[in-house]
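Biologist: I keep running into labels like "buried" and "stacked" and would like to hear the reasoning behind them. Can we go through a few together?

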Amino acid sequence: MKFSTFIFFVLFLAGCEPDIYQYDIIVTETANNMGDLNSAYDDWNSDLPFPYERSEIWFSSNRNSYGGEFDLVACKLDFSYHEDHNILDLSTGNEEYVAPASALLPVINSPHDELGPHSFLTGEDMLFLYATNPGEVFEIRFVELTRWNYGSGQTVSDPVAVAGLNESGDNLYPCIDEENRKIYFCSNRDGLTYDIYSAQYNSPISKQSLIGGDIAHITKEMGSSGYDDKCPYIYGDFIVFASNREGSYDLWYSKKYHDEWMEPIKLQPTINSEYNEYRPVLFQVLGVDLMVFSSDRAGGKGGYDLYIVKIGNYLN
C-alpha cells in the first residue's frame with residue numbers, strides 16, 4: 001500500500017460575481033470528498049508541505065496498477081475565496097499540470113509500494129521523503145529534486161535510505177517539524193503494533209544529515225497505546241494521527257503542553273466515520289487551516305478517497 005503530495009494555489013477575490021456561480025468543492029467544517037482527484041481505486045497518503053492559492057498535491061494510489069501496488073501520483077489544487085458568500089471553493093486538475101511530476105515519479109515509483117510522501121524545501125532544492133518495501137519491511141527513503149521551481153535544468157538524485165531511521169521493523173510516514181530539527185514517523189520496531197517516534201537531529205535537516213544519520217536520539221512519543229498509532233502529522237504544537245484503538249482507524253489529536261503531549265482525543269463525527277480514516281495532512285491556505293485525509297466511507301468513488309475539511313476549531 002502507498003501514499004503522497006506538494007502544492008501551489010491561485011487566489012480569486014471576487015469583487016463582483018455573477019448571480020449564479022457554479023462552485024466545485026465547498027470546504028467546510030464537515031469533511032468533503034475531493035471529487036475528480038479520486039479514482040475508483042485506493043487514494044491515500046497525501047502531502048501538502050508548501051500550500052499557496054494554487055498547489056500541487058502528491059499522494060499514493062493503486063489506480064495505475066488497477067488495484068495492485070501503490071505508486072505516487074500528482075494532481076493540481078486551486079483554491080478560491082468568494083467573499084460575498086464567505087465560501088472557500090476548491091477545484092482539482094490532473095497530473096499534466098504538475099511540472100516536477102515527470103522528473104520525480106519515474107525515479108520514485110517501483111514495482112513495490114510507495115507510501116506516505118512528505119516534502120520540504122532547502123533553498124532552490126526539494127527533499128522528497130516516502131516509504132517503500134523493497135524487501136520484507138518498509139523503509140523511509142528520500143530523493144532530492146534540484147531547482148524545483150524552474151522549468152528546466154532540474155535533476156533528481158537516486159533514492160537513498162534515511163540513515164538511522166530504518167534499523168529495525170517497518171518505518172513509514174515521515175513528517176518534519178516546523179523547526180526542521182525533528183522527523184516524526186511510525187514504526188513497529190518494538191513489537192507487533194505501531195507507535196509514533198521522533199528522531200531529533202543535531203543540526204537542521206538537510207540532504208547531508210539524512211545521508212549521514214546526524215541523529216542525537218530517537219524517542220517514542222506519547223508512550224504506547226497497545227494498538228496501531230500511525231501516520232503522524234505535526235503542525236506547530238498540534239499532532240494528528242490515525243489509530244485503531246477503538247476498532248477501525250480514526251483520526252486522533254493531541255496538543256503539547258510544557259513539552260508533554262496531552263492525552264489524545266478523537267476527532268468529531270464531522271470528520272471521523274464508522275469506516276476507516278487515515279493519513280491526515282494539515283496546512284493553511286488563505287488564512288484557513290485545513291486537513292486532507294483518506295477514508296473508505298460510503299459515498300466515495302471506491303476504495304479509499306481523499307477528503308478535505310476545515311480544522312481551525314481544533315487548533316484553537
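**Labels and the numbers behind them**

Modeller: Sure, let's start with Lys76, which is buried at a relative accessible area of 10%. Keep in mind that this is a predicted model.

Biologist: What makes Lys76 count as buried?

Modeller: The cut-off is under 20% relative accessible area. Lys76 comes out at 10%, so the label is buried. Asp78 gets the same treatment: its relative accessibility is 8%, therefore Asp78 is buried too.

Biologist: How do you know that the side chains of Lys76 and Asp78 meet in a salt bridge?

Modeller: The N to O distance is 2.7 Å, and the limit is 4 Å between a side-chain nitrogen of Lys or Arg and a carboxyl oxygen of Asp or Glu. So the Lys76 and Asp78 pair passes. There's a network here as well, with Arg54, Lys76 and Asp78 linked by salt bridges. Over the whole structure, the search turns up 12 salt bridges.

Biologist: What surrounds Lys76 in terms of strands?

Modeller: Lys76 sits in S5 and is the bridge partner of Glu56. Strand S5 covers residues 71–82, and 11 of its 12 residues are buried. On one side, S5 pairs with strand S4 (residues 54–61) in the antiparallel sense over 8 bridges. S5 is also joined to strand S6 (residues 87–93), again antiparallel, by 7 bridges. There, Phe79 has Leu90 in S6 as its bridge partner. S5 and S6 make a hairpin with 4 residues between them, and Asn86 in the turn has a positive phi of about 55°.

Biologist: Why does S5 count as paired with S6?

Modeller: Pairing takes at least two bridges. S5 and S6 have 7, so they qualify.

Biologist: What about Lys220 and Asp195: why is that a salt bridge?

Modeller: Their side chains meet at 3.5 Å, N to O, which is within 4 Å, so the pair counts. Lys220 lies in strand S14 (residues 215–221) and Asp195 in strand S13 (residues 195–201), so the salt bridge ties together parts that are 25 residues apart in sequence.

Biologist: Are the two partners, Lys220 and Asp195, buried or exposed?

Modeller: Asp195 is buried, at 3%. Lys220 has 32%, which falls between the 20% and 50% cut-offs, so Lys220 is partly exposed.

Biologist: Which residue forms a salt bridge with Asp250?

Modeller: That's Lys266, with the closest N and O atoms 3.4 Å apart. Asp250 is in strand S17 (residues 248–257) and Lys266 in strand S19 (residues 265–266), so this pair connects parts 16 residues apart in sequence. Asp250 is buried at 3%, while Lys266, at 29%, counts as partly exposed.

Biologist: Asp250 also touches Ser243, I gather. What makes Ser243 buried?

Modeller: Its relative accessible area is 0%, and the limit is under 20%, so Ser243 is buried. Ser243 is placed in strand S16 (residues 238–246). Leaving aside neighbours within four places in sequence, its contacts include Asp228, Tyr249, Asp250 and Trp252. Its side chain also has a polar contact of 3.0 Å with that of Arg245.

Biologist: How do you know that the charged end of Arg245 sits over the ring of Trp252?

Modeller: It is 4.9 Å from the ring centre, and the distance limit is 6 Å, with an angle condition of 35 degrees from the ring normal on top. Another such case is Arg297, which lies over the face of Tyr307 at 4.8 Å from the ring centre.

Biologist: Why is the pair of Phe185 and Tyr197 called stacked?

Modeller: The search of the whole structure finds 9 aromatic pairs. In the pair of Phe185 and Tyr197, the ring centres are 5.9 Å apart and the planes are at 25°; the cut-offs are 6.5 Å and 30 degrees, so the pair is stacked. This pair links distant parts of the chain, Phe185 in strand S12 (residues 182–187) and Tyr197 in strand S13, 12 residues apart. Phe185 is buried at 0%, and Tyr197 is buried at 4%.

Biologist: What makes S2 and S20 edge strands?

Modeller: They belong to an open antiparallel sheet of 4 strands in the order S2-S22-S21-S20. S2 (32–33) and S20 (277–285) each have a single partner strand, so one side of each is left without a neighbour in the sheet.

Key
Residues are numbered from 1 along each chain as its sequence is written. This is a predicted model: local features need pLDDT of at least 70, side-chain atom pairs count only at pLDDT 80 or more; totals for chains, interfaces and linings use all residues. Side-chain values use heavy atoms; hydrogens and water are left out. Helices (H or I, at least four residues) and strands (E, at least two) are DSSP runs, numbered from the N terminus. Buried means under 20% relative accessible area, exposed over 50%, partly exposed in between (1.4 Å probe, protein chains only). Contact means heavy atoms within 4.5 Å. A polar contact is a pair of N or O atoms within 3.5 Å; within protein, one must be able to donate a hydrogen and the other to accept it, and residues adjacent in sequence count only if both atoms are side-chain atoms. Rings of Phe, Tyr and Trp (its six-membered ring) pair if their centres lie within 6.5 Å; planes under 30 degrees apart count as stacked, over 60 as edge-to-face and the rest as tilted.
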